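Here is a short briefing to read alongside the structure. Keep the viewer open and follow each topic as it comes up.

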Amino acid sequence: MADEIKELVSGKYLEYKGLPLVREGDTICYGDMEGKCILILEIMSYKKDGDKELPDKILIQVLDPKDQSKIFRQGNKQGLYEAFSLGLVWFNHEMQK
């Protein structure tokens, strides 16, 4: 339906440095969808740590929110902390261009 109007989701989101940080399933999205770029972290695999499963391999992408096929940067990291840290460097670099 081309005439369908999409409503914005209301509610509060977790924010980091003033921008939304949202997780759905194995995908974590950081940034404003109306901004220049967004950071996507895709959890590709998990590892066991005792009785917990922790994210292991992470795909990092900085892309255009209006055309998600336009990828500014892409890479992989082990662990969520390392992936988010590197992703933030790339994200901030693209935002300053």
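Before turning to single residues, one definition helps: a residue is exposed when its relative accessible area is over 50%, buried when that area is under 20%, and partly exposed in between. By that rule Lys-97 is exposed, because its relative accessible area is 61%. Please bear in mind that this is a predicted model.

**The chain as a whole**

- The chain holds one helix and eight strands, and read from the N terminus these elements run β-β-β-β-β-β-β-β-α.
- Of the 97 residues in the chain, 30% are buried.
- The chain exposes about 7,300 Å², and carbon and sulfur atoms supply 52% of that area.
- If you take the contacts between residues at least 6 apart in sequence, 32% of them join residues at least 24 apart.

**Helix α1 and what it packs against**

- Helix α1 covers residues 80-96.
- The 17 residues of α1 should span 24 Å at 1.5 Å a residue, and the end C-alpha atoms are indeed 24 Å apart, so the two values agree.
- Buried positions in α1 are Ala-83, Phe-84, Gly-87, Leu-88, Trp-90, Phe-91 and Glu-94.
- These buried residues of α1 pack against β1 (15-16), β2 (19-24), β3, β4 (38-43), β7 and β8 (71-78).
- Ala-83 is a good residue to click on in helix α1: it counts as buried because its relative accessible area is 0%.
- Leaving aside neighbours within four places in sequence, Ala-83 is in contact with Leu-41, Ile-58, Ile-60 and Lys-77.
- Ala-83 and Leu-41 are 42 residues apart in sequence, while their C-alpha atoms are 7.5 Å apart in space.

**Aromatic residues**

- The structure holds four aromatic pairs.
- One of these pairs, Tyr-30 with Phe-91, is edge-to-face, with 5.2 Å from centre to centre and 65° between the planes.
- That pair links distant parts of the chain, with Tyr-30 in strand β3 (residues 27-30) and Phe-91 in helix α1, 61 residues apart.
- Tyr-30 and Phe-91 are both buried.
- Tyr-16, Tyr-30, Phe-84 and Phe-91 form one aromatic cluster.

**Charged side chains**

- As a reminder, side chains of opposite charge can pair when their charged atoms come close.
- How many salt bridges does a search of the whole structure find? There are two.
- In one salt bridge, Lys-97 joins Glu-94, and the closest N and O atoms are 3.4 Å apart.
- The partners in that bridge sit in contrasting surroundings: Lys-97 is exposed at 61%, whereas Glu-94 is buried because its relative accessible area is 6%.
- Another salt bridge joins Arg-23 and Asp-26, where the closest N and O atoms are 4.0 Å apart.
- Arg-23 counts as partly exposed because its relative accessibility is 47%, and Asp-26 counts as partly exposed because its value is 32%.

**Around Asp-56 and Pro-55**

- Asp-56 lies in the loop between β6 (52-55) and β7 (57-63).
- Asp-56 is buried yet has no salt bridge. Why not? The nearest side chain of opposite charge, Lys-47, is 4.6 Å away, and a salt bridge needs a side-chain nitrogen of Lys or Arg within 4 Å of a carboxyl oxygen, so this pair does not qualify.
- Not counting residues up to four places away in sequence, Asp-56 touches Ser-45, Tyr-46, Lys-47, Lys-77, Gln-78 and Gly-79.
- Next to look at is Pro-55, which is found in strand β6 and counts as buried because its relative accessibility is 18%.
- Pro-55 is in contact with Ile-43, Ser-45, Tyr-46, Gly-79 and Leu-80, once neighbours within four places in sequence are left aside.
- Pro-55 and Glu-42 are 13 residues apart in sequence, with 9.7 Å between their C-alpha atoms.

**A backbone detail at Lys-17**

- Most residues other than glycine have a negative phi.
- Lys-17, in contrast, has a positive phi near 55°.
- Lys-17 is found in the loop between β1 and β2, where it counts as exposed because its relative accessibility is 69%.

Notes: Residues are numbered from 1 along each chain as its sequence is written. This is a predicted model: local features need pLDDT of at least 70, side-chain atom pairs count only at pLDDT 80 or more; totals for chains, interfaces and linings use all residues. Side-chain values use heavy atoms; hydrogens and water are left out. Helices (H or I, at least four residues) and strands (E, at least two) are DSSP runs, numbered from the N terminus. Buried means under 20% relative accessible area, exposed over 50%, partly exposed in between (1.4 Å probe, protein chains only). Lys and Arg count as positive and Asp and Glu as negative; His and the chain ends are not counted. Contact means heavy atoms within 4.5 Å. Accessible areas come from the Shrake-Rupley method with a 1.4 Å probe; for residues, only the protein chains shown count as cover. Rings of Phe, Tyr and Trp (its six-membered ring) pair if their centres lie within 6.5 Å; planes under 30 degrees apart count as stacked, over 60 as edge-to-face and the rest as tilted. The expected span of a helix is 1.5 Å times one less than its number of residues.
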